[in-house]
Amino acid sequence: MTGRSRAATGAACVLLAIMALSFLLFEQRSSAPERVVLDVWSATDKTAMSAIVDGFTAAHPSIAINYTEYNTSELQEAVLAAREKPDLVISSAMDLQVQLVNLGLASPVEDVPPTPTWSRWREELFGFTQEPVALLYNRKAFADHPLPDTRSELASMIRDEPAFFNGRVGTYDVALSGVGYMFATQDAQRGFQASRLVESLGRAKAKIYCCTNDMVQEVASGDLVLAYNVIGSYALEQVRQDPRLGILLLSDYALVFTRSVLVTKASDAKEAAGDFVRFLLSDDGQALVDKGSSLFPLIESFGKGQAFVESRFEGSTSFLPIRLRPSLLTWLDERKKAKFLRDWRGSINGRSIN
Amino acid sequence: MVVSIAAFTVLIALLSVALWIYARSSANQTYDLLLRGAAIAMLERITVTPEGIDIDLPPSALEILALDEDDRVFYRIFDADGKTLTGTPDLPSRSFIDDEPPLQEPVFFDSDYSGETVRFVVNGRTLLSADKPQWIGVQIGQTRIARKAMERDLILKSLVPLAALSIAGLIMARAGIGFAMRPLAGIERDIRERQSGDLKPLDAMPPREVESLITAINGFMRRLELSREQAESFIADVAHQMRTSLAALYSHLEAAAQTGEAGAAAVLRARDQARRTTRLTNQLLSHAMVIHRADKEMFEPVDLRALVRRLTEEIVQDDASKDIDLSVELPPPPAVATVTGDAIAIREALRNLIDNAVRHGPPDNRITLRVEATTLDGRPAFAIGVDDSGPGIADAEKRKVLERFYSNGPNGGSGIGLAIVAAVAEVHKGRFDLADRHPGLSATITLPETPPPDMEVA
């Protein structure tokens with residue numbers, strides 16, 4: 001800000017103060033400024049977000065949050081269909097968020113604290129968490145059994161020891177879960193081991209689930225010996241409370257995804273909505289993400305690098321962040337998606353039936 | 001100054017436009033490669049299967065476009081009828097693409113879409129299947145943010161240094177000119193503050209570029225001083241001669257006041273004196289003219305043949321009363337006799353030589369006017385000689401007769417004729433020789449065909 005504009009702002013402030021005072025004295029009007037209500041449509045657990053929302057409203061008493069929860073695909077349809085768009089959209093479905101931005105529905109936000117480039121796009125879409133995708137296992141089952149180190153090893157193990165693994169491995173149902181689909185497609189995009197692993201999972205009659213929590217329950221109970229591609233942050237919370245659970249990052253790579261937020265172009269409270277985004281990525285906001293929810297804060301974990309995650313997980317690996325970029329749109333292509341799901345189903349069901 | 005600034009501005013403006021066009025096309029070329037690469041990647045993965053056309057969108061296609069960070073991307077894959085098979089159906093098209101679908105080479109165009117200007121590529125490929133070939137097209141669009149950034153970058157990186165360089169050049173040129181011209185201001189002051197008679201050479205240390213100018217000015221001043229000195233001494237001589245001559249005339253006229261024979265004789269003497277004074281005056285004017293003309297560059301080709309012919313006709317008319325045998329010897333006709341010189345001065349010189357020959361010759365005088373080719377210091381020249389049968393000039397006198405107002409013999413003239421001839425010879429970088437012929441005198445003026453190249457124009 002230049003000296004002149006600062007002076008102008010100062011003058012404007014004084015003027016506003018005088019006007020406000022005169023209203024108070026002569027008009028006998030309420031001194032409370034008009035409350036801004038932000039419509040937040042979110043596909044992230046409300047429990048995880050509530051501490052953040054509370055922290056924000058405490059810091060900005062003039063802004064109220066109207067929080068509506070969706071699952072990821074519902075959220076997308078709702079945003080596209082809504083005549084009155086929300087002010088903010090928060091989702092763990094990175095591909096769908098990128099699609100909203102690519103359609104030109106988002107509005108840029110200024111002065112957002114610096115974050116890694118992969119986690120923000122066009123200054124319109126901002127990741128605020130960093131969450132690795134992990135392998136969850138039952139400690140008892142693996143007590144006298146070696147843990148796999150890589151995806152290749154995992155595939156070989158499952159193939160070679162049907163007695164141990166058959167019917168006792170789980171993963172996301174990619175047709176049902178948006179993040180599950182994203183993890184599977186990113187796996188497929190990264191290497192040939194992915195299809196081999198899916199085939200192995202199919203041969204072992206893997207069970208498929210809608211949500212990380214379901215897989216956590218089944219692994220804890222011993223119905224599953226392991227679950228592949230669970231959201232590390234959610235699972236970790238359970239792992240800490242439950243000694244039966246172990247969580248592992250395979251050493252070839254670990255996908256990292258981010259939950260992201262955008263301000264809609266249609267929002268009539270862009271400034272307040274921008275405040276929310278800035279708060280999410282401020283030190284206070286990130287501290288709330290860390291302490292008040294099961295999510296991993298982006299900035300702190302980024303600052304500490306591997307150490308942050310490795311102090312919480314077993315195994316050491318290289319992280320492959322899923323980039324908030326239009327390349328994610330490839331997997332939203334109808335034909336591409338249909339083809340991928342057909343092939344995936346073929347692998348996970350067809351061959352296990354044979 | 002205003003004109004040069006305007007011209008400079010126009011130049012910069014033209015350069016800017018050229019740069020902008022260049023930057024735009026460079027940015028387009030660069031990012032069109034990405035679009036084209038993405039199109040190729042997509043087309044490569046379209047195959048014909050028994051179930052129909054299989055489109056397996058490669059992640060690399062949009063990955064390529066994600067190389068620039070901020071641009072939004074759009075795509076569709078369509079068939080020969082324009083029906084969208086996958087992707088965004090409402091992408092803008094171009095009539096020439098719809099009209100001629102079997103397009104194999106990429107076509108690029110800009111169009112407004114989704115609130116921005118979007119750069120599109122359309123590329124197609126013919127798929128060979130069992131029954132009939134099928135054409136499939138891919139249209140990919142990318143917003144222009146990266147292109148604009150590159151454009152701006154290119155323009156800034158080239159225009160800013162260019163402008164800085166131009167401005168620096170302008171300033172330095174002005175400073176340089178001012179610096180180089182500073183000695184001239186000193187010279188100007190020097191000249192302005194001088195007394196009118198002060199013709200000392202300039203003592204400024206001129207920059208190399210104007211050194212020759214200063215040398216020329218100094219040379220000019222030197223000649224001016226010389227000529228002024230000559231003029232002063234000439235005027236002093238003339239004043240003396242005129243005074244003497246007029247004093248003689250006055251005393252003759254006084255004597256003419258006597259009566260009788262003495263008076264009549266004095267009248268005759270006075271008449272003679274008046275004639276001499278007139279002749280002296282004419283000669284002085286002639287000499288002044290020769291000297292004056294020598295100051296100016298009046299040289300031109302002079303045809304000696306024609307000059308001599310006209311001169312002899314004139315003399316024959318003027319001196320018709322006297323009994324003169326005048327013969328002319330010219331080079332045989334095909335040869336030209338031309339020198340570069342001042343025709344009037346040469347004519348005056350010859351006229352004086354002939355007058356001298358007439359005056360000093362015996363009654364049966366034979367005068368020969370010769371023009372012949374010769375050389376002077378190794379250069380082609382023409383010798384113009386006047387021979388008479390007079391008494392000649394003693395060797396001791398030969399140098400003196402060339403001086404002004406030196407006259408000898410009973411028929412002595414004004415003493416200025418031969419000085420004129422000598423002056424003309426000098427002006428033409430020629431020479432003037434007097435030689436005895438026993439009897440008679442041969443006076444020869446030799447003029448080079450062209451003045452020597454190093455001749456300073458006096």
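How many bridges join strand β1 of chain A to β3(A), and do the two run parallel or antiparallel? In this predicted model, 4 bridges link β1(A), which spans residues 36-43, to β3(A), and the two strands run parallel. Within this pairing, Trp41(A) has Val89(A) of β3(A) as its bridge partner. Strand β3(A) also pairs with β13(A), residues 260-264, again through 4 bridges, but here the strands run antiparallel. In that pairing, Ser91(A) is matched with Ser260(A) of β13(A).

The side chains of β3(A) can be followed in the same way. The strand covers residues 88-91 of chain A, and both of its faces are covered. Leu88(A) and Ile90(A) lie on one side, Val89(A) and Ser91(A) on the other, and all four of these residues are buried. Val89(A) is thus a residue to look at twice: it is buried, and it is the bridge partner of Trp41(A). Ser91(A), likewise, is buried and has a bridge partner in β13(A).

For chain A as a whole, the secondary structure amounts to 15 helices and 14 strands. The chain has 354 residues, of which 46% count as buried. Among its contacts with a separation of 6 or more, 79% are made by residues 24 or more positions apart.

Turning to chain B, one sheet is built from 5 strands in the order β4-β3-β7-β6-β5; the sheet is open and its pairing is antiparallel. Strands β4(B) and β5(B), the latter at residues 107-113, are the edge strands, and each pairs on one side only. On average, neighbouring strands in this sheet are turned by 25° against each other, direction ignored. Strands β6(B) (residues 116-127) and β7(B) (residues 134-143) run antiparallel and are joined by 10 bridges. Along this pair, Val122(B) stands opposite Gln139(B) of β7(B). Helix α1(B), residues 2-44, lies across β3, β5, β6 and β7 of chain B and runs at about 40° to β6(B).

The contact between the two chains involves 15 residues of chain B and 14 residues of chain A. On the side of chain B, the elements that give two or more residues are α2(B), at 59-65, and β4(B), at 84-87. Helix α2(B) gives the most, with 4 residues. By class, the chain B side has 7 nonpolar, 4 polar and 4 charged residues. Strand β4(B) therefore appears in two settings, as an edge strand of the antiparallel sheet and as a contributor to the contact with chain A.

A second open sheet of chain B also has 5 strands, in the order β9-β11-β12-β14-β13, with mixed pairing. Strands β9(B), at 325-329, and β13(B), at 431-436, stand at the edges with a single partner strand each, so one side of each is left without a neighbour in the sheet. Here neighbouring strands are turned by 20° against each other on average, direction ignored. Within the sheet, β12(B) (residues 379-387) and β14(B) (residues 441-448) pair in the antiparallel sense over 7 bridges. Ile384(B) has Ile445(B) in β14(B) as its bridge partner.

Helix α7(B), residues 304-318, packs on this sheet; it touches β9, β11 and β12 of chain B, and its direction makes about 175° with that of β9(B). Helix α8(B), residues 343-360, lies across β11, β12 and β14 of chain B at about 30° to β12(B).

These two helices also meet each other. The axes of α7(B) and α8(B) come within 11 Å and cross at roughly 45°, which makes α7(B) oblique to α8(B). The crossing is right-handed. Leu307(B), Leu311(B) and Ile315(B) are the residues of α7(B) that take part, and their counterparts in α8(B) include Ile346(B), Leu350(B) and Ile354(B). By class, the residues of this contact are 7 nonpolar, no polar and 2 charged.

Helix α8(B) has a further partner in α10(B), residues 417-427: their axes come within 9 Å and cross at roughly 145°. This crossing is left-handed. Among the residues that meet are Ala345(B), Ala349(B) and Leu353(B) from α8(B), and Leu418(B), Val421(B) and Val424(B) from α10(B). The residues of this contact divide into 9 nonpolar, 3 polar and 2 charged. Ile346(B) of α8(B) belongs to the contact with α7(B) and to the contact with α10(B).

Note on methods. Residues are numbered from 1 along each chain as its sequence is written. Chains are lettered from A and ligands numbered from 1 in the order in which they are written. This is a predicted model: local features need pLDDT of at least 70, side-chain atom pairs count only at pLDDT 80 or more; totals for chains, interfaces and linings use all residues. Two strands pair if DSSP finds at least two bridges between them. Axes are lines fitted to C-alpha atoms, for helices over the stretch in contact, and angles run from 0 to 180 degrees between N-to-C directions. Two residues are in contact if their C-beta atoms, placed from the backbone, lie within 7 Å. A residue is buried if 20 or more other C-beta atoms lie within 10 Å of its own, exposed if 12 or fewer, and partly exposed in between; C-beta atoms are placed from the backbone. Angles under 35 degrees count as roughly parallel, over 145 as roughly antiparallel, 65 to 115 as roughly perpendicular and the rest as oblique. A crossing is left-handed if the near helix is turned anticlockwise from the far one by less than a right angle, and right-handed if clockwise. Ala, Val, Leu, Ile, Met, Phe, Trp, Tyr, Cys and Pro count as nonpolar, Asp, Glu, Lys and Arg as charged, and the others, Gly among them, as polar.
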